[in-house]
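Here are a few short exercises on backbone geometry. Have a look at the chain first, then work through the steps at your own pace.

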Amino acid sequence: MAHDIEIRGLTKSFGSHAVLHGIDLRFGEGEFIGLMGPNGAGKSTLIKILAGVYGGYAGELRIGGAQVSSLAARSDVGFIHQDLGLVDDLSIVDNLRMGEAPLRRFGALLDHRAEARAAAQALELVGLDRPVETLVSALSPGEKTLVAVGRLLARGARVLVVDEATSTLSSGDAQRLIGSLKRTVDAGATVIMVSHKLSEILAVCDRIVVILDGRLVEDRPIGGLDRDGLVRLLVARDAEAHALEEREAIEPGEPLLELDGVCGGRVGPVSLTVRAGEVVGLTGLAGSGLHDVALLANGSIRPADGRVRRGGDGRTALVPPYRERQGGFDDQSIVENLAISALPRWRSAVRLLRGAAERTDAEAMVRRLAVSPRDPDRAYGDLSGGNKQKVVFGRALLRAPGLYVLCEPTRGVDVQTRREIYRLIFELRRSGAGVLMVTSDFEDLAAVADRMAVVDDGRIGAFISADDLANTDLEAFV
Ligand SMILES: Nc1ncnc2c1ncn2[C@@H]1O[C@H](COP(=O)(O)OP(=O)(O)OP(=O)(O)O)[C@@H](O)[C@H]1O
Ligand SMILES: [Mg+2]
């Protein structure tokens with residue numbers, strides 16, 4: 001049919017590094033396809049070739065039977081990358097108009113009304129109830145994504161390709177986005193969605209495609225597949241080794257962090273204690289001030305009021321909330337990025353010795369987190385999204401402080417790595433470290449937090465224990 005996409009023998013290398021090896025795929029109308037596979041498997045590379053970001057590939061692309069070099073110029077195909085390409089300082093209607101202007105030749109007044117109407121229609125398509133004059137900067141991350149989807153639909157997109165758009169969204173926002181994608185599929189469009197979140201894939205997709213090391217290893221209807229079945233598909237080789245660990249009972253020790261009536265950033269007053277051997281979880285919506293609590297705990301924001309007391313060695317390590325802006329140094333190697341904040345650990349009079357120790361530790365971390373590619377001298381900037389996350393997480397571990405402040409620790413990582421990260425957090429807990437985990441991912445909370453609370457409007461709500469979580473609908477709280 002007119003919008004059917006066909007990929008034949010798609011092969012791509014970056015220098016000597018082969019990333020895709022002869023991928024064959026067809027996507028038809030009315031399909032909701034989940035594109036999955038481990039970090040570094042080649043999913044984003046495949047999508048960027050379709051989008052015309054990367055050329056220099058072997059193989060063929062067709063749409064509606066016609067051969068094309070990419071789908072970039074097609075208004076019937078739209079891409080949602082993590083960078084949505086919206087301008088924060090402009091209104092929704094202005095963002096929707098961007099790039100459209102030459103098509104319209106109305107008088108000024110009429111033009112404005114027609115555009116406002118068109119914009120309202122675009123918002124209706126995605127179920128976003130906001131005045132079209134709203135500045136994009138006033139929207140939540142999920143609402144921004146809905147605007148980006150609405151813009152594509154308004155321009156006639158019949159195929160939407162969505163690369164991990166939900167990984168930075170709160171659970172509610174993610175559900176709204178997925179719901180609106182599902183409605184477009186029900187209306188006959190095609191959606192190809194990359195996500196590492198099993199529940200999302202199981203909720204909406206009718207077909208699953210798995211890529212492993214640049215090869216297609218699975219392409220099947222999702223019918224009949226439950227969560228365990230999906231995990232088995234994704235971690236076929238050693239599912240047992242990656243089973244979830246049980247939480248050990250540990251009596252918490254001395255307080256490693258005490259916030260007492262602290263105000264700062266967008267939050268306050270907040271009080272909170274994290275003890276040795278304890279994982280404290282916080283969650284909340286975008287704009288709740290959730291991440292500011294983490295930055296206060298880490299000392300990155302100076303409190304305007306209240307007291308912060310630190311126990312133990314007083315040192316903290318932070319996994320920052322926004323990897324894109326605060327993550328790593330693109331031009332530096334994996335080793336350098338891992339070692340960057342841990343330098344005192346390798347302090348040695350002999351530079352050469354220090355370099356060697358640093359390397360050994362960094363290499364061990366690369367193996368432990370299965371950073372791919374394994375070559376620790378590769379540039380951080382060339383890593384896939386999930387592998388960057390692994391390096392940022394590994395860097396905090398190598399700092400080996402008493403207190404860890406982990407923001408969105410599992411963002412964008414594959415099923416296997418997620419479990420490895422949970423295991424590492426349990427290890428930290430067992431070794432007597434304290435962990436403050438700030439996450440919009442309920443699975444993180446359920447898996448490792450000893451107690452947890454919701455941050456709302458700059459305040460921390462009542463804590464519930466892990467035991468009570470089973471009987472509580474946390475999603476209803478948030
Ligand atoms: N511009 C680039 N230069 C060199 N290598 C790259 C480049 N972009 C990606 N790669 C490599 O290609 C491989 C596939 O990366 P890709 O981003 O497609 O993975 P992915 O499946 O999207 O992973 P994730 O789930 O972590 O997002 C990785 O080994 C990555 O390091
Ligand atoms: Mg990717």
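Please keep in mind that this model is predicted.

**Exercise 1. Find where the cis peptide bond from Ser-372 to Pro-373 sits, and give its omega.**

Solution.
- Step 1: Go to the bond that joins Ser-372 to Pro-373; its omega is near 0°, and the bond is cis.
- Step 2: Now place the proline. Pro-373 belongs to the loop that runs between helix 11 (351-368) and helix 12 (385-399).

**Exercise 2. Do likewise for the peptide bond from Gly-268 to Pro-269.**

Solution.
- Step 1: Read omega for this bond: the value is near -10°, and the bond is cis.
- Step 2: Locate Pro-269, which is part of strand 12 (residues 267-275).

**Exercise 3. Is Glu-164 buried or exposed? Describe its phi and its place too.**

Solution.
- Step 1: Glu-164 is not a glycine, yet its phi is positive, at about 50°.
- Step 2: In the chain, Glu-164 falls in the loop between strand 7 (159-163) and helix 5 (171-186).
- Step 3: The relative accessible area of Glu-164 is 14%. Buried means under 20%, so Glu-164 counts as buried.

**Exercise 4. Work out the phi, place and exposure of Ala-370.**

Solution.
- Step 1: Ala-370, also not a glycine, has a positive phi of about 50°.
- Step 2: You will find Ala-370 in the loop between helix 11 and helix 12.
- Step 3: Its relative accessible area is 33%. Partly exposed covers the range between under 20% and over 50%, so Ala-370 is partly exposed.

Notes: Residues numbered from 1 in each chain as written. Chains lettered and ligands numbered in written order. Predicted model: local features only at pLDDT ≥ 70, side-chain atom pairs only at ≥ 80, totals over all residues. Heavy atoms only, no water. Helix = DSSP H or I, 4+ residues; strand = E, 2+ residues; numbered from the N terminus. Buried < 20%, exposed > 50% of the residue type's maximum accessible area, 1.4 Å probe, protein only.
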